[in-house]
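This report looks at one protein chain, with attention to its cysteines and to a helix that carries part of its surface. Please keep the sequence and the structure in view while reading.

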Amino acid sequence: WEFNGSFYQPSAFLMMGIPGLEALHHWISIPFCALYLIALLGNCVILFIIKKTPSLHEPMYYFLSMLAVTDLGLVLCTLPTTLGVFWFNMRRIGFDACLTQMYFIHILSFIESSVLLAMAFDRFIAISHPLRHSSILTKTTVIKIGLAIILRGMVSLLPIPFLLKRLTYCGKTELSHSFCFHPDIMNLACADIKVNVFYGMIILLSTVGMDFIFIVLSYILIIKTVISLATKEECLKALNTCVSHICAVLVFFIPMIGLSMIHRFGKNVPPLINTLVAYTYLIIPPALNPIIYSIKSSYIREALLRALRRK
């Protein structure tokens, strides 16, 4: 502990694996390794295929590249500490290192939310204004959107580490997960955390919350446009281009909303449920997104098959 008058700050936190199943961590690490491997290989393959296939140099696939890079970032943020806990029981993480990991996890989560919104906007333009799609979403516009997404995440979350550093901590130093999460760290403080709670909720609602609302509105407009199409075949063809994105949205937002609610309001939720939701939120989307898009996008599937034939 570091002591300065009445101010206490832990030099480190202790991370948790899966509560109650510590003796099985080595076996539990096997599916985690498989998921991490799928996420790393799958997203790298998506990026390679898009880069090497000129026909995929379109807004939809640029946004998919952003999603893949974000998923890789999330995997690389949590992989060292998660496997460190499962394999070597390395539970200790320094205070500043924990805040750094937390900052990047939250930034990447916010970026993923914003990229999913950008993809919804892309689908809306492609279906509602197909002839103007390429002129509205030019390469320059896509780059500007990407930079705005990154800047929004970095700026909105910048105060969070400083708000945590100003708190006095006492007693328990055990985190609920094998990674650092803002509400988890905040709840270990024995000081007034109203500012942290208020700022966290405002940022969550004004970024991820607004993203989700605009995604829903985009699909309401898409459905209205699709219903106005002449034939059933055209309707199904238009909706089919959105299936993979809808799956990615559900896979990301459902566990994220669940984890946020548990940390803020679920004080009586069993620790095992809390842990499983957290791992679902941070590991499942990066592993599933490449599979979803590879299965549903015939262009990516064909490009992948061509690349394998060349090998």
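With a relative accessible area of 1%, Asn-196 is buried, because buried means under 20%. This residue belongs to helix α8, and a polar atom of the Asn-196 side chain lies 3.4 Å from the backbone oxygen of Leu-163.

The model discussed here is a predicted one, and confidence should therefore be considered alongside the geometry, because pLDDT is the predictor's confidence in each residue, from 0 to 100. The average pLDDT of the chain is 89, and 97% of the residues score at least 70. Among the elements of the chain, helix α5, which spans residues 139-157, has the highest mean pLDDT, at 95, whereas strand β1, made of residues 2-4, has the lowest, at 47.

Helix α8 also holds Met-210, a residue that counts as partly exposed at 33% relative accessibility. Met-210 takes part in a nonpolar surface patch of about 560 Å², which is made by Met-210, Phe-212, Ile-213, Phe-214, Val-216, Leu-217 and Ile-220. The C-alpha atom of Met-210 is separated by 29 Å from that of His-57, and the two residues are 153 residues apart along the chain.

The cysteines come next. How many disulfides does the count come to? The count is two, and, with bonded cysteines counted along the chain, these disulfides follow the pattern 1-3, 2-4.

One disulfide joins Cys-98 to Cys-180, with a distance of 2.0 Å from S to S. Cys-98 lies in helix α3, which covers residues 95-128, while Cys-180 lies in the loop between α6 (159-165) and α7 (182-186), so this pair ties together parts that are 82 residues apart in sequence. The torsion about the S-S bond of Cys-98 and Cys-180 is about -120°, and the disulfide is therefore left-handed.

The other pair is formed by Cys-170 and Cys-190, whose sulfur atoms are 2.4 Å apart. Cys-170 is in the loop between α6 and α7, and Cys-190 is in the loop between α7 and α8 (194-227), so this disulfide ties together parts that are 20 residues apart in sequence.

Are the bonded cysteines Cys-98 and Cys-180 buried or exposed? Cys-98 is buried, with a relative accessible area of 0%, and Cys-180 also counts as buried, at 0%. The table sets out the accessibility of several cysteines.

| Residue | Relative accessible area | Class |
|---|---|---|
| Cys-98 | 0% | buried |
| Cys-180 | 0% | buried |
| Cys-170 | 36% | partly exposed |
| Cys-190 | 44% | partly exposed |
| Cys-33 | 25% | partly exposed |
| Cys-44 | 42% | partly exposed |

After the bonded pairs, two further cysteines deserve a look. Cys-33 is in no disulfide, and the nearest cysteine sulfur, which belongs to Cys-44, is 17 Å away. Why does Cys-44 have no bond to the closest cysteine sulfur? The closest cysteine sulfur to that of Cys-44 is in Cys-77, and because the distance between them is 15 Å, they are too far apart for a bond. The cut-off behind this reasoning is that a disulfide is a pair of cysteine sulfur atoms within 2.5 Å.

Definitions and conventions: Residues numbered from 1 in each chain as written. Predicted model: local features only at pLDDT ≥ 70, side-chain atom pairs only at ≥ 80, totals over all residues. Heavy atoms only, no water. Helix = DSSP H or I, 4+ residues; strand = E, 2+ residues; numbered from the N terminus. Buried < 20%, exposed > 50% of the residue type's maximum accessible area, 1.4 Å probe, protein only. Patch = residues over 30% accessible without salt bridge, like charges linked within 9 Å, V, L, I, M, F, W, Y side chains within 5 Å. Areas by Shrake-Rupley, 256 points an atom, 1.4 Å probe, with all protein chains shown as cover. Salt bridge = Lys/Arg side-chain N within 4 Å of Asp/Glu carboxyl O. Polar contact = N/O pair within 3.5 Å; in protein donor to acceptor, adjacent residues only side chain to side chain.
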